[in-house]
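Here are some short exercises to work through with the model open in your viewer. Try each one before you read the solution.

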Amino acid sequence: MKKFPRGLAAVLAVVAIGTVLGLLALNLIPVWFAPAPAPDPAPIARPEIAVAKPTALPHLEPDAPAPDPARLKALLDQVLRKPDGTSFSATVIDVLDGATLYEHGGDRPGIPASSLKILTAVAATTELGLEKTFDTSVVMPDAGTLVLVGGGDVLLGTGESRPESTVGHAGVGTLAKKVAAKLTEAHATGGIDDTLKLVLDDSLFTGPGLNPAWDQSLMDTSNISAVQPLALYGARRDAGPSSTRVDDPAMTAAQAFADALRSELAATTGAPQLAAGITRGQSDAGDTTLASVSSAPLGDTLSFMLQVSDNYVAEVMGRLVAIKADEPGSYTGGANAVRRSIGRLGIDITGMELVDTSGLAATNRVAPRQLAQTLVLAATSGVPALRELSYQLPLAGATGTLSHRLGATSTRGLVRAKTGSLLEVSSLSGLVVADDGRLLAFSVFAKSPQQVIAPHKDVLDSFATVLAGCGCR
């Protein structure tokens with residue numbers, strides 16, 4: 001994705017028109033950069049992000065005036081006034097100086113829903129690095145056995161690898177082709193058996209694949225399925241973004257690999273055969289690796305996760321963060337590892353309770369202030385990788401879960417934010433360019449007594465609209 005040039009110390013980057021997919025799209029919200037930033041990475045095509053029409057955006061001035069907190073409070077209090085018993089909590093922070101401009105119960109832990117994915121993305125970036133990739137490998141422990149080893153890539157494709165894409169960046173078809181070539185060569189020398197059995201090693205993650213804090217309706221509606229260290233298309237049946245999720249993602253991926261390998265072997269003279277059936281087992285560190293395929297870089301995976309709010313990828317990220325910290329790769333290990341990582345960055349995590357890393361659990365507790373502070377920390381960080389978070393969030397009226405929200409001229413392209421939706425709960429957390437050119441971080445939650453999904457999204461959008469239009473002096 002094309003980015004605008006990065007600025008000097010203590011100046012906001014200039015907002016300009018950028019491109020998505022090498023075509024047309026809005027540029028990214030500017031962030032506050034540290035001295036001597038590292039060079040931008042090479043542009044990456046992101047086919048999962050929707051194309052948007054260009055919109056000219058105003059430049060940001062380093063001496064842009066800050067909103068008056070009293071004036072801002074009067075406007076935002078009016079927005080959050082609802083007669084139906086819905087409770088709201090919110091925090092707005094000035095990115096330039098870190099001052100809290102508005103707070104309405106913002107220190108009160110609430111249900112973040114998918115806004116929690118901001119914490120997961122920051123933790124994964126901090127602990128793993130944006131260039132980290134995850135391998136899916138085939139090893140051979142003996143002359144008659146192949147072991148397919150899951151290493152954390154759950155966006156595998158069924159066919160050839162697609163290096164230009166995040167989903168399907170690595171394909172089991174390509175892996176099968178590599179393995180078949182090695183097996184045919186070894187079989188010609190008599191080094192392996194005529195018939196080989198296939199074993200699936202998905203032992204990288206531990207504990208139950210499903211979190212007991214998740215309501216059954218989340219599985220019934222394909223919001224999530226058993227979390228395992230390899231899967232096709234985020235555990236979906238096919239590449240369709242709304243395709244249903246499978247019950248056993250790792251075995252489904254293993255079967256796709258077996259089908260592809262069997263076809264490759266059948267088309268090659270003198271090749272061994274693959275026996276029917278797949279069993280589960282574990283490989284050893286000393287097993288010979290025949291071939292592997294690598295996922296897209298972590299930065300691309302996190303962008304995909306945040307843009308479409310993919311719960312499966314978010315849960316995998318939490319477990320990978322835990323494993324990096326030498327903790328169990330379980331839902332508990334992931335939640336604890338993300339929380340500790342955020343705390344080590346300097347965010348006060350008092351009252352923060354995480355039971356997953358996707359935000360699906362209604363028992364998660366995060367304060368809007370903690371999310372807003374995390375956004376400020378990332379946007380002003382001296383670590384270039386953390387500053388990428390500001391570019392990975394959906395863009396108002398243009399991409400991801402904001403493609404059909406905040407599309408008015410007063411907000412389109414001026415807001416980047418993570419949405420959150422659960423039964424009785426909505427959240428919106430992100431960055432907004434105010435009318436006077438000030439960059440603000442915000443997080444706002446709604447909790448309704450009515451049994452509805454994502455209540456009062458219009459109120460949250462109005463909250464962001466006020467911030468975008470704020471001179472407020």
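**Exercise 1.** Find which residues His104 is in contact with, leaving aside its neighbours within four places in sequence, and say where His104 lies.

*Solution.* Start with the contact list, where contact means heavy atoms within 4.5 Å: His104 touches Asp77, Leu80, Phe88, Ser89 and Ala90. Next, pick out Phe88 from that list: its backbone oxygen lies 3.5 Å from a polar atom of the His104 side chain. Then place the residue: His104 belongs to strand 2 (residues 100-104). Helices (H or I, at least four residues) and strands (E, at least two) are DSSP runs, numbered from the N terminus. Finally, check exposure: His104 counts as partly exposed because its relative accessibility is 30%. The scale runs from buried (under 20% relative accessible area) to exposed (over 50%), with partly exposed in between, using a 1.4 Å probe and protein chains only.

A note on the ground rules: this is a predicted model, so local features need pLDDT of at least 70 and side-chain atom pairs count only at pLDDT 80 or more, while totals for chains, interfaces and linings use all residues. Residues are numbered from 1 along each chain as its sequence is written, and side-chain values use heavy atoms, with hydrogens and water left out.

**Exercise 2.** Decide whether Thr184 is buried or exposed, and find what its side chain has as a polar partner.

*Solution.* First, locate Thr184 in helix 3 (residues 172-188). With a relative accessibility of 16%, Thr184 counts as buried. Now look back along the chain to Ala180: its backbone oxygen is 2.8 Å from a polar atom of the Thr184 side chain. Last, leave aside neighbours within four places in sequence, and Thr184 is in contact with Leu265, Thr268, Thr269, Ala271 and Pro272.

**Exercise 3.** Work out where the largest pocket lies and what lines it.

*Solution.* Get the volume, which is about 1200 Å³. Of the 49 lining residues, Asn223, Arg236, Val308, Ser309 and Asn311 are the closest to the centre. (On a 1 Å grid over the protein atoms alone, a pocket is an open set of points with protein on both sides within 12 Å along at least five of seven lines, a cavity is a set where a 1.4 Å probe fits but cannot get out, and lining residues have an atom within 4 Å of a point. Points are joined across faces, edges and corners, and a volume is the space filled by probe spheres set on them.) Then sort the lining: 17 nonpolar, 20 polar and twelve charged residues. Here Ala, Val, Leu, Ile, Met, Phe, Trp, Tyr, Cys and Pro are nonpolar, Asp, Glu, Lys and Arg charged, and the others, Gly among them, polar. Strand 8 gives the largest share, four residues. To finish, domain 1 (69-130 + 314-469) and domain 2 (135-296) both contribute to the lining, so the pocket lies between them; those bounds come from an automatic or database domain assignment.

**Exercise 4.** Compare the settings of Ala113 and Asp326.

*Solution.* Begin with the backbone: Ala113 has a positive phi of about 50°, and Asp326 has one near 60°. Most residues other than glycine have a negative phi. Ala113 sits in the loop between strand 2 and helix 2 (117-128), while Asp326 is in the loop between helix 7 (311-324) and helix 8 (331-344). Now the surface: Ala113 is buried at 0% relative accessible area, whereas Asp326 is exposed at 72%.

Definitions and conventions. A polar contact is a pair of N or O atoms within 3.5 Å; within protein, one must be able to donate a hydrogen and the other to accept it, and residues adjacent in sequence count only if both atoms are side-chain atoms.
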